[in-house]
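Me: I am new to this structure and would like to learn how to read it. Could you take me through some features one at a time?

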Amino acid sequence: MEKDKVRKVIPAKDGRKIPRKTECYEEENNSVKRKVYMDYNATTPLALEVIQTVTEAMQEAWGNPSSTYKAGRKAKETISRARESLARMVGGQPEDIIFTSGGTEANNLIIHTALRCFRESWVLGENGPGEKHSKPQGATPHFVTSSVEHDSVRLPLEHLVRENMAEATFVPVSKVTGQAEVDDIIGAVRPTTCLVSIMLANNETGVIMPIPELCQRIRILNQKRTASGMPKILVHTDAAQMIGKGRVDVEDLGVDYLTVVGHKFYAPRIGALYVRGPGVATPLHPMLFGGGQERNFRPGTENTPMIAGLGKAAELVNKTCEVYEAHMQEVRDYLEARLEAVFGKQKIHFNSRFSGSRRLCNTCNFSILGSGLQGHKVLSCCKTLLASVGAACHSEKGDNQPSSILLSCGIPYDVAQNALRLSVGRDTTHRDVDLVVDDLKEAVAQLEQSSTPLT
């Protein structure tokens with residue numbers, strides 16, 4: 001992929017040509033300013049192929065997928081193709097894919113399932129093979145997760161704990177590796193543990209978690225639990241940040257559940273859940289009840305155009321993921337080299353570099369060291385860069401506190417409060433990087449000048 005090449009144009013269905021370039025412009029004081037977007041971990045634009053697929057589905061597959069006339073059959077076929085593309089992308093079977101409104105619903109659905117499965121398993125244990133381990137009076141389901149999970153996992157668990165419906169252990173990540181260590185996770189398991197949920201890659205640091213090793217250990221643990229008549233521990237990973245940036249294969253990972261989030265890989269704001277043999281090999285209990293769609297696991301008339309777009313985005317990943325990954329890593333490395341060259345190694349601290357850990361190919365979390373250079377202040381002075389100081393879902397809180405994720409990883413407070421998270425995309429170029437680094441240099445100079453006392 002050429003580093004600074006303007007994206008080619010592709011014809012739309014009606015013959016129009018749409019420029020494939022990720023530059024964006026905003027009007028400021030009656031003049032047009034070029035902006036460079038580097039917040040792809042927050043959300044991605046729709047790929048043009050995805051836009052075209054969504055448009056076609058709106059025009060041609062508008063029927064109710066449960067109906068038998070042509071438009072309905074077309075919608076059903078569209079959904080089936082998308083399901084197949086999603087299954088190929090994660091290494092599962094089409095029947096393992098359940099469409100949801102997004103990652104938040106998928107994550108909540110798994111927590112709800114584990115909660116209900118715990119109750120049912122212990123009831124069976126009182127009268128069946130698990131008789132020796134019948135449910136102790138007042139036993140409470142226990143969840144294990146990490147201290148750096150997305151809010152759609154953390155907040156539901158905190159809610160259940162407050163309501164005395166569950167217990168949860170939030171395993172701290174290692175300050176050396178930035179990972180939730182397998183030994184620590186296994187050490188947190190109790191007889192009442194029903195679910196372990198650890199994200200595949202962190203959205204702020206980019207650190208990739210050791211999910212295959214974790215699943216191997218839990219598999220051994222489950223063999224012992226099954227032999228004793230105890231219910232097995234279910235394993236879930238939120239793969240929102242990993243898909244489209246690296247290979248994801250549920251067979252290699254060994255998980256029971258995996259969350260897919262469309263708007264992280266150039267698809268619409270819709271999601272999906274991989275379940276290993278839903279309702280047969282692996283439990284899945286609906287949170288909603290209605291018309292029976294998605295085999296009753298997630299009822300509600302299917303959003304065919306968005307599902308079609310998700311399927312198209314998965315198809316692009318299936319075809320080109322290695323190219324995407326290589327390009328993003330090369331541009332990310334160039335970005336980090338330029339930051340060191342411009343600011344000096346003593347003034348830059350890379351918050352996403354941890355010994356012995358792999359990280360996402362596109363993610364650079366760093367701090368420009370110095371008084372008055374808090375991340376939110378630097379961004380407010382930037383004229384070109386569009387980025388964030390951390391997770392986008394926290395940006396509206398407005399408290400300007402350092403990221404709890406970085407603090408959990410052992411980043412010092414004064415360094416964490418200066419953090420910026422830049423995440424590059426499939427079309428980010430060296431020219432984009434140069435513009436961003438120059439913009440940061442000017443912003444820092446402006447802040448340092450304004451803080452210099454007059455003599």
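Reply: Gladly! Please keep in mind that this is a predicted model. Let us begin with a single residue: Ser367 has 0% relative accessibility, and because buried means under 20%, Ser367 counts as buried.

Me: Where is Ser367 found, and which residues does Ser367 touch?

Reply: Ser367 belongs to strand 13, which covers residues 363-368. Leaving out residues up to four places away in sequence, Ser367 touches Lys347, Ile348, His349, Asn351, Val415, Asn418 and Ala419.

Me: Which backbone atoms lie by a polar atom of the Ser367 side chain?

Reply: There are two to look at here. The backbone oxygen of Val415 is 2.6 Å from a polar atom of that side chain, and the backbone nitrogen of Ala419 is 3.4 Å from a polar atom of the Ser367 side chain.

Me: How should I read a sheet?

Reply: Start with the general idea: strands of a sheet pair through backbone hydrogen bonds, either parallel or antiparallel. In this model, three strands make an open sheet in the order 12-13-15, with antiparallel pairing. Strand 12 (348-350) and strand 15 (419-423) are at the edges with a single partner strand each, so one side of each has no neighbour in the sheet. On average, neighbouring strands of this sheet are turned by 30 degrees against each other, direction ignored.

Me: How many bridges join strand 13 to strand 15, and what packs on the sheet?

Reply: Five bridges join these antiparallel strands, 13 and 15. To find your place along them, look for Thr363, which stands opposite Ser423 in strand 15. Helix 8 (residues 304-343) packs on the sheet and touches strand 12, strand 13 and strand 15. The direction of helix 8 makes about 10 degrees with that of strand 13.

Me: What is the order of the strands in the sheet of seven?

Reply: That open sheet runs 5-11-10-9-8-6-7, and its pairing is mixed. Strand 5 (97-100) and strand 7 (167-171) are the edge strands, each pairing on one side only. From one strand to the next, the twist averages 20 degrees. For a parallel pair, look at strand 9 and strand 10 (residues 257-261), which are joined by three bridges. His236 stands opposite Tyr257 in strand 10. Helix 4 (residues 151-162) lies across strand 6 (142-146), strand 7, strand 8 and strand 9, at about 140 degrees to strand 7.

Me: Now a helix, please. Why can buried residues line one face?

Reply: An α-helix has 3.6 residues a turn, so residues three or four places apart point the same way. Try helix 6 (residues 211-227): its buried residues are Ile211, Leu214, Cys215, Ile218, Asn222 and Arg225. Seen down the axis of helix 6, these buried residues fall within an arc of 90 degrees, so they line one face of the helix. Gln223, Lys224 and Ala227, on the other side of helix 6, are exposed.

Me: What covers the buried residues of helix 6?

Reply: The cover includes helix 5 (182-187), strand 8 (193-197), strand 9 (234-238) and helix 7 (250-253). Just after helix 6 comes Gly229, with a positive phi of about 80 degrees.

Me: How far apart in space are Asp434 and Leu335?

Reply: Their C-alpha atoms are 8.0 Å apart, while in sequence Asp434 and Leu335 are 99 residues apart. Asp434 sits in helix 12 (residues 430-451). Apart from neighbours within four places in sequence, Asp434 is in contact with Tyr334 and Arg338. The side chains of Asp434 and Tyr334 are joined by a polar contact of 2.7 Å.

Note on methods:
Residues are numbered from 1 along each chain as its sequence is written. This is a predicted model: local features need pLDDT of at least 70, side-chain atom pairs count only at pLDDT 80 or more; totals for chains, interfaces and linings use all residues. Side-chain values use heavy atoms; hydrogens and water are left out. Buried means under 20% relative accessible area, exposed over 50%, partly exposed in between (1.4 Å probe, protein chains only). Helices (H or I, at least four residues) and strands (E, at least two) are DSSP runs, numbered from the N terminus. The arc is that of the directions from the helix axis to the C-beta atoms. Contact means heavy atoms within 4.5 Å. A polar contact is a pair of N or O atoms within 3.5 Å; within protein, one must be able to donate a hydrogen and the other to accept it, and residues adjacent in sequence count only if both atoms are side-chain atoms. Two strands pair if DSSP finds at least two bridges between them. Axes are lines fitted to C-alpha atoms, for helices over the stretch in contact, and angles run from 0 to 180 degrees between N-to-C directions.
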